[in-house]
Each structure stands twice: as C-alpha cells, then as structure tokens.
Amino acid sequence: MTIHITDIPNESFNHYKHVLHVDNEFALIEINKDNISDLSKFNYPYKAEAFTLCIVLKGWVKGKINSIEYNAIAPCVISIYPNQILQHDSNSEDFYIICIAFTKNFASNIASYSKNEILLLRFPRQDNISHHLSQETLTALLDYCAYIKKIIADTDNPFRIKSIQHLTVALFYSTVWKQISSYKKKTKRQEPTILPTNS
C-alpha cells in the first residue's frame with residue numbers, strides 16, 4: 001500500500017477526522033484519543049510517498065521503518081522519507097501525534113528558497129529513528145502547526161502553499177536548525193575511531 005498526499009481525503013485517509021490539506025501538496029494529520037483506533041488500519045507494512053514529520057506529543061508508539069524497530073516516547077519527532085516501508089505495531093492509550101506531510105514538489109520549492117537541502121526533515125537518517133525534542137523546538141513546532149491551521153482555513157487565499165513554504169523555511173532558520181545541529185554533533189561524537197593497522 002502506498003499513501004500519497006493526493007489521496008487525502010480519499011481512500012487512504014478518509015477515516016481520519018483531523019486532516020487539513022492544501023492543493024494535494026501539504027497536510028496536517030492529527031491523531032489523538034478521538035481517532036486513535038484508526039492506527040490499527042496500519043498494522044501492516046505500507047510504503048510512504050510523502051515526506052512526513054511526526055511530532056509525538058503524548059504517550060508512546062512502537063513500529064518499524066524499513067524493518068528497523070523503534071519506540072518513540074513523547075516529546076519526540078520521527079522523520080519519514082518517501083519510499084520507506086512503515087508499520088505501526090502498538091501505542092499507549094493517551095497517544096497524541098501531529099504529522100506534517102508534504103510532497104517532493106513542496107520540498108523542492110523549499111530547497112530552492114533556501115539554497116539548501118530539504119530543511120524540516122534533515123534529522124540524521126543514520127541515527128535513531130526518533131529524536132527527543134527540546135522544549136524550545138517543541139514550542140516552535142506547536143506554534144508552527146497552529147499558524148498553519150489558520151493558513152489552511154483561509155480558503156479564499158490563493159497563496160496558501162506559498163505562505164506555508166515561507167513559514168516552514170522561517171521555522172528552520174529560527175529554531176529547528178539548532179536541534180538538528182545538536183543531533184549531528186552527538187552522532188559525530190559517537191562514531192567509532194578507526195585506528196590504522198600496522199603493515
């Protein structure tokens with residue numbers, strides 16, 4: 001099963017009660033106690049099509065990404081990339097998550113603005129699947145999501161996608177880059193030192 005942004009709110013996501021999206025390019029998916037039972041529909045492997053940043057706000061969730069098991073405990077973030085194979089295994093009853101999903105085209109436009117790679121999802125892919133969030137980054141992400149909801153709700157605005165793209169770039173430059181940099185420094189310190197062998 002492949003989930004596309006273009007499926008929203010059709011077959012793949014029609015069981016979610018809290019989905020906001022714009023132009024089949026960007027979506028916010030909120031999963032909480034009201035619709036948490038819907039996660040059982042993903043208890044089998046499926047392929048991700050969109051870039052997705054999953055912000056775990058309460059509780060915990062267990063699953064697999066490319067057959068690698070993870071146990072994500074709030075507050076943390078999980079980065080998902082296109083073509084990865086995902087599977088949900090279990091979660092706590094109080095599990096609460098907000099997923100930010102966007103297409104490759106949306107990501108490319110962000111990269112062109114910043115002359116950089118994909119910004120929001122540049123957490124080290126070789127490190128742990130889930131990353132603990134500092135209070136500063138968590139607050140910034142929640143403020144970002146709240147403002148995104150206002151932009152999406154303004155259906156008369158023809159520049160909603162542009163607004164979201166610029167807001168995403170601003171979020172990276174103001175806050176998220178600090179957390180990503182700390183992950184990369186930590187990962188570099190943990191890399192084993194390879195000593196030269198005697199010839």
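These legends accompany several close-up views of a predicted model.

**Figure 1. The whole chain, with three helices and eleven strands.** Before zooming in, here is the overall picture. Along the sequence, the elements follow the order β-β-β-β-β-β-β-β-β-β-α-β-α-α. Of the 199 residues in the protein, 48% are buried. Among contacts between residues at least 6 apart in sequence, 71% join residues at least 24 apart. The accessible surface comes to about 10800 Å², and carbon and sulfur atoms account for 51% of that area.

**Figure 2. Strand 6 and its two antiparallel partners, strand 7 and strand 9.** Strand 6 covers residues 60–65. With strand 7 (residues 68–73), strand 6 shares six bridges, and Trp60 stands opposite Ile73 there. Two residues separate strand 6 from strand 7 in a hairpin, and Asn66 in the turn has a positive phi of about 50 degrees. With strand 9 (residues 85–91), strand 6 shares five bridges; here Val61 has Asn91 as its bridge partner.

**Figure 3. The two faces of strand 6, one covered and one uncovered.** Which residues of strand 6 sit on the covered face? They are Val61, Gly63 and Ile65, while Trp60, Lys62 and Lys64 make up the uncovered face. On that uncovered face, look for Lys62 over the face of Trp60, at 5.4 Å from the ring centre.

**Figure 4. A salt bridge between Asp89 and Lys64.** Have a look at the charged ends of these two side chains, where N and O are 3.0 Å apart. Asp89 belongs to strand 9 and Lys64 to strand 6, so this pair links parts of the chain that are 25 residues apart. Asp89 is partly exposed, at 31% relative accessible area, and Lys64 is partly exposed as well, at 22%.

**Figure 5. A salt bridge between Glu30 and Lys149.** This is one of two salt bridges in the structure. The closest N and O atoms of the pair are 3.4 Å apart. Because Glu30 lies in strand 3 (residues 26–31) and Lys149 in helix 2 (residues 135–153), the salt bridge ties together parts that are 119 residues apart in sequence. Is Glu30 buried or exposed? Glu30 is buried, with a relative accessible area of 13%, whereas Lys149 is partly exposed at 33%.

**Figure 6. An aromatic cluster linked by ring pairs.** The cluster brings together Phe26, Phe51, Tyr81, Phe102 and Phe106. A search of the whole structure finds four aromatic pairs. One of them joins Phe26 and Phe106, a tilted pair with 5.3 Å from centre to centre and 45 degrees between the planes. Phe26 is in strand 3 and Phe106 in helix 1 (residues 104–114), 80 residues apart. Phe26 is buried, at 0% relative accessibility, and Phe106 is buried at 0% too. Phe102 and Phe106 also form a tilted pair, because their planes meet at 45 degrees with the ring centres 5.0 Å apart. Phe102, like Phe106, is buried.

**Figure 7. Ser130 and its contacts.** Our last stop is strand 11 (residues 130–132), where Ser130 lies. Ser130 counts as buried, at 18% relative accessibility. What does Ser130 contact, leaving aside neighbours within four places in sequence? The answer is Asn71, Ala72, Cys76, Val77 and Ile78.

Notes. Residues numbered from 1 in each chain as written. Predicted model: local features only at pLDDT ≥ 70, side-chain atom pairs only at ≥ 80, totals over all residues. Heavy atoms only, no water. Buried < 20%, exposed > 50% of the residue type's maximum accessible area, 1.4 Å probe, protein only. Helix = DSSP H or I, 4+ residues; strand = E, 2+ residues; numbered from the N terminus. Pairing = 2+ DSSP bridges. Contact = heavy atoms within 4.5 Å. Areas by Shrake-Rupley, 256 points an atom, 1.4 Å probe, with all protein chains shown as cover. Salt bridge = Lys/Arg side-chain N within 4 Å of Asp/Glu carboxyl O. Phe/Tyr/Trp six-rings, centres within 6.5 Å; stacked < 30°, edge-to-face > 60°. Lys NZ or Arg CZ within 6 Å of the ring centre and 35° of its normal.
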